[in-house]
Protein chains: 2
Amino acid sequence: MNGDSNTKVLLVKRPGTGMPDASLFKIVEEPIPEPADGQFVVKNVYLSLDPAMRGWMNDVKSYIAPVKLGDVMRGQTVGQVIASKNPKFRVGDLVSGIGGWQKYAVADGKRGGWEKLVPGFAPTLFLGVLGGTGITAYFGLLRVGLPKAGETVLVSGAAGAVGSVVGQIAKIKGCRVVGIAGSDEKCKWLVDELGFDAVVNYKGKSADQLNDEIRQACPKGVDVFFDNVGGDILDVALKRIRKGARIVICGAISQYNAAQTKGPANYLSLLVHSARMEGFVLFDYIPEYPLAIRELGQWVKEGKLKYAEEVVEGLERAPEYLNMLFTGANKGKLIVKLADEPAQFAQARL
Amino acid sequence: MNGDSNTKVLLVKRPGTGMPDASLFKIVEEPIPEPADGQFVVKNVYLSLDPAMRGWMNDVKSYIAPVKLGDVMRGQTVGQVIASKNPKFRVGDLVSGIGGWQKYAVADGKRGGWEKLVPGFAPTLFLGVLGGTGITAYFGLLRVGLPKAGETVLVSGAAGAVGSVVGQIAKIKGCRVVGIAGSDEKCKWLVDELGFDAVVNYKGKSADQLNDEIRQACPKGVDVFFDNVGGDILDVALKRIRKGARIVICGAISQYNAAQTKGPANYLSLLVHSARMEGFVLFDYIPEYPLAIRELGQWVKEGKLKYAEEVVEGLERAPEYLNMLFTGANKGKLIVKLADEPAQFAQARL
């Protein structure tokens, strides 16, 4: 096909405690694959990095099987079909699916959630606002958080890929929206660009200070807390909930690298306030993904749903880029660019 | 009225950490009160002791105001009206309400939830299966836990006043019911007398042992966990929940005397299993109490709902009796007898 080879990042070691590093992975070069009957080959152009990847590296039973040692690390990509023996996916098609941490993926159209991209949007959006993170925000907030107009919605990890979409959907639904983020620059972006009503910068704050600032930002208390972070932030939020509050457990990015997860000591606030804390797994909503993508896409076109992308380069550095999510270095969706964009990517944006 | 005086137990100190003791209370003797216009006087015969009392002693905002220092300690009683200037409550009526830790209570029929007892049941039942604990079990299980026939319901504090009713209602609804209790004798009672399907004695067990035993007792996993205990038991239960499980937070008797509540470190199991943890306050259901009492009473009459009562004597010793709830010394409903039963109590049982 061309002079390229298929660079693959294999998971070869379980991370244990602490942030994952390059020692967990092995980079190999293989020939570009050829499709067998029913298969097609995708040249991955962009790879999504997500906090959930940290969990997939652990050898524990969860909502999805762990990545096997020696396998390509799991991840969503967008790319272009470059060879096909599958009538539904033709050479040149722009697609998204679980392409993995590799330059070329072989797919059969059954596993891996491969879909052709909806025209009219930048392809990277299908890793962000129109992809897993946007759909997570959509169902987590609307189906688990059940926000009502006039209620106060508090979001942690608010400048992240999921949190930033959660806050904007809550605004669209008529809520007062308060974000918790880790820098003044992120906080300013949330208010000035995304329309958040108030923000709290958690960095360097004690639990008492956080409590005071969240109280000021949410004078009526919190009706919905959408939590991506866990730890102290979850505990403080529990102190500020109102009667009948809903706490959506989407993630716990502060805890993924800890030896022992910190449980929410203030959980009895759920009792006192007849409130609930509820988790969800995106896969529960697979049949409804098209509905979410349609509505999210409409909001993007109308300018009601904005987004930030942080694009970094070099598949080999993906392990270190992943840790940007845990240190809070990125704003919005973190994406690794794996190859130059084909011409069709620019056309798709129009 | 007679030669008696009104012994009152006043809360005079906040408990801080640890089990409450007699030093928090002051016992005073006063004349038996006379009713003003609209009031009536109740001779308290039995006083309910409940784990929630521990929380009412703390000076913290909760679902109910703390007991003020110098006030009679709050508690539900059953007794008899001995004097009345209220047309709705006549001398001789058997009643239940927030009569407090005292021999005689003055009531106005508006505050304190005073109700005449439904005839045909032993009066003490209105402190237990037909009182706050039974109604707590009823709404907590049926409205928050939402058990479906064939599901597995796990109950902690299963031999307690609430837990024993929860388990029996779950059996009535066609569930597999597993109880966690603190002695072999209690476990035997739950299986032999109350019809629990399986039991786990938690005393002296490590978290790993508890996990193994609960796994064996709940081979399909746990659909509803009704938690009265918190701490390690909640954490182990979180490991054993199934997809879509409901964890009902009714109390945390293992944590009330702790300096710092232990949060559930395994709370991310809620995420992995699309499950929820939800608290409730009995007062949310006040308009529906009669419905619950009617159905609970029917089950008692049919022999489907059994109960144990542990009756202790002497108001002065109420502070030490209260700690039986925290050491697990009692089985079923813990009640303090304050006076000899009037003849009408025996008649009510018929």
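This report on a predicted model covers the relation of its two chains, one helix packing and the cysteines.

## Relation of the two chains

A turn of 180 degrees, with a shift of 0.0 Å along the axis, lays chain B on chain A with an RMSD of 0.0 Å, and this is the relation of a two-fold axis. Within chain B, the C-alpha nearest the axis belongs to G263(B), at 2.1 Å from it. Both copies use the same surface, since 100% of the contact residues of chain B recur in chain A.

## Packing of helices α2 and α8 in chain A

In chain A, helix α2 (residues 132–145) packs against helix α8 (residues 289–301) at an angle of about 100 degrees, and their axes are 10 Å apart. Because angles of 65 to 115 degrees count as roughly perpendicular, that is the description given to α2(A) and α8(A).

On the side of α2(A), the contact is made by G134(A), I135(A), Y138(A), F139(A) and R143(A), while α8(A) contributes Y289(A), L291(A), A292(A), I293(A), E295(A), L296(A) and W299(A). By class, the residues of this contact comprise nine nonpolar, one polar and two charged.

## Cysteines

Over all chains, the structure holds zero disulfides. For C250(A), which is in no disulfide, the nearest cysteine sulfur is that of C175(A), 17 Å away; C250(A) has 16% relative accessibility and therefore counts as buried, the cut-off being under 20%.

In chain B, C218(B) is likewise in no disulfide, and the nearest cysteine sulfur, belonging to C175(B), is 12 Å away. C218(B) also counts as buried, because its relative accessibility is 3%.

Notes: Residues numbered from 1 in each chain as written. Chains lettered and ligands numbered in written order. Predicted model: local features only at pLDDT ≥ 70, side-chain atom pairs only at ≥ 80, totals over all residues. Heavy atoms only, no water. Axes fitted to C-alpha atoms, helices over the stretch in contact; angles between N-to-C directions. Helix = DSSP H or I, 4+ residues; strand = E, 2+ residues; numbered from the N terminus. Parallel < 35°, antiparallel > 145°, perpendicular 65-115°, else oblique. Contact = heavy atoms within 4.5 Å. Nonpolar A, V, L, I, M, F, W, Y, C, P; charged D, E, K, R; others polar. Disulfide = S-S within 2.5 Å. Buried < 20%, exposed > 50% of the residue type's maximum accessible area, 1.4 Å probe, protein only. Least-squares fit on C-alpha atoms with pLDDT ≥ 70 in both.
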